[in-house]
Amino acid sequence: MKTITQLHEIDKPRERLYKYGLSALKNYELIAILLGSGVKGKDVIKLSREIEKFFNSNFETMDLETLLKIHGLGKAKASQIISAIELSKRYLIDTQHYKISSAKDVYDELNPYKNKQQEYFLSLYLDGANNLIETKVITIGTLNQSLVHPREVFSHAIEKRCASIIVAHNHPSGILKPSSEDITVTQRLKEAGQILGIELLDHIIFTKDDFISLKEEGVL
């Protein structure tokens, strides 16, 4: 196996990319381009082949700690690799996920709850790209602090390793104005999220015909 210095200029991964395009490159060559250079005792080709072997058996569970098990691969290059994997998941692998970009997206997601005669308090769990991981009913009944405790909302967020959440509840009365209890619960959840590092992006109050965003109302 040739090292990067033994390869003819046109055979080097970056030059092959320019000449032949991405589809002509092997997996280790793509990794080599991403890394840019090797480490002490390993040129970029050798290091890339080792990473490729790791990918073949560990890709689904790959994380920073796993990558750092490769001898000589430091935190900087491991961070480059794991970031590329995450971007791939966000833009390619996770295309089936529903992306939440606005309060209207939340309202559309909550369609099954618009005609409920009781109050449903729900939490939408999101990843770092605002893809919806899951929508979960937290409680059913009149909204109050004892029913909607931060631990009931955030325990699932921690389990799913969410980056952020959006909460929502319906008003069967059809009145969209937030109550003092709505505002109090929102503030408690916001404070809990700040402590845990899981941001509360919004609290949506909705009826069968319309909705309001407490973020847009200035509550968050």
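This section describes the fold, the nonpolar cores, the surface and the salt bridges of one protein chain. The model is predicted.

The protein has 220 residues, of which 41% count as buried. Its secondary structure consists of eight helices and five strands. Read from the N terminus, the order of elements is α-α-α-α-α-α-β-β-α-β-α-β-β. Contacts reach across the sequence. Among contacts between residues at least 6 apart, 58% join residues at least 24 apart. The accessible surface comes to about 12600 Å². Carbon and sulfur atoms account for 49% of that surface.

The interior was examined next. The largest nonpolar core has 18 residues. The residues with the most contacts inside this core are Leu 35, Leu 47, Ile 51, Phe 55, Leu 67, Leu 73 and Ile 81. Three helices, H2 (27-35), H3 (44-58) and H5 (75-91), each supply at least two residues of the core. Helix H3 gives the largest share, with five residues. Ile 81 illustrates how the core is joined. Leaving aside residues up to four places away in sequence, Ile 81 touches Ile 31, Leu 34, Leu 35, Ile 51, Phe 55 and Leu 67. A second core, separate from this one, has 17 residues. Its members include Tyr 113, Tyr 120, Leu 126 and Leu 132.

The strands S1 and S2 form a hairpin, with five residues between them. Strand S1 covers residues 120-126, and strand S2 covers residues 132-140. The two strands pair in the antiparallel sense over seven bridges. One of the bridge pairs joins Ser 123 to Lys 136 in S2. In the turn, Asn 130 has a positive phi of about 65°. The hairpin also bears on the second core, since Tyr 120, Leu 126 and Leu 132 are among the residues of that core.

Nonpolar side chains are also found at the surface. Ile 158, Ile 195 and Leu 196 make a nonpolar surface patch of about 330 Å². Leu 196 belongs to helix H8, which spans residues 180-196. The relative accessibility of Leu 196 is 43%. Leu 196 therefore counts as partly exposed.

Charged contacts form the next topic. Side chains of opposite charge can pair when their charged atoms come close. The structure holds four salt bridges. Three of these are described here, beginning with a link between helices.

Arg 16 forms a salt bridge with Glu 29. The closest N and O atoms of this pair are 2.8 Å apart. Arg 16 lies in helix H1, whereas Glu 29 lies in helix H2, so the pair ties together parts that are 13 residues apart in sequence. Arg 16 counts as buried because its relative accessibility is 17%, under the 20% limit. Glu 29 is also buried, with a relative accessible area of 4%.

Asp 108 forms a salt bridge with Lys 104. Here the closest N and O atoms are 2.9 Å apart. Both residues lie in helix H6, which covers residues 103-109. Asp 108 and Lys 104 are four residues apart, so about one helical turn separates them. Asp 108 is partly exposed at 34% relative accessibility. Lys 104 is likewise partly exposed, with a relative accessible area of 41%.

The side chains of Glu 152 and Arg 151 also meet in a salt bridge. The N to O distance is 3.5 Å. Glu 152 counts as partly exposed, at 39% relative accessibility. Arg 151 has a relative accessible area of 53%, over the 50% limit, and is therefore exposed.

Helix H1 holds a further residue with contacts at a distance in sequence. Arg 14 is placed in this helix, which spans residues 13-20. Arg 14 touches Ile 33 and Gly 36, not counting residues up to four places away in sequence. Gly 36 is 22 residues from Arg 14 along the chain. The C-alpha atoms of Arg 14 and Gly 36 are separated by 9.1 Å. The relative accessible area of Arg 14 is 39%, so Arg 14 is partly exposed.

Terms used:
Residues numbered from 1 in each chain as written. Predicted model: local features only at pLDDT ≥ 70, side-chain atom pairs only at ≥ 80, totals over all residues. Heavy atoms only, no water. Buried < 20%, exposed > 50% of the residue type's maximum accessible area, 1.4 Å probe, protein only. Contact = heavy atoms within 4.5 Å. Core = buried A, V, L, I, M, F, W, Y, C linked by side-chain atoms within 4.5 Å. Patch = residues over 30% accessible without salt bridge, like charges linked within 9 Å, V, L, I, M, F, W, Y side chains within 5 Å. Areas by Shrake-Rupley, 256 points an atom, 1.4 Å probe, with all protein chains shown as cover. Pairing = 2+ DSSP bridges.
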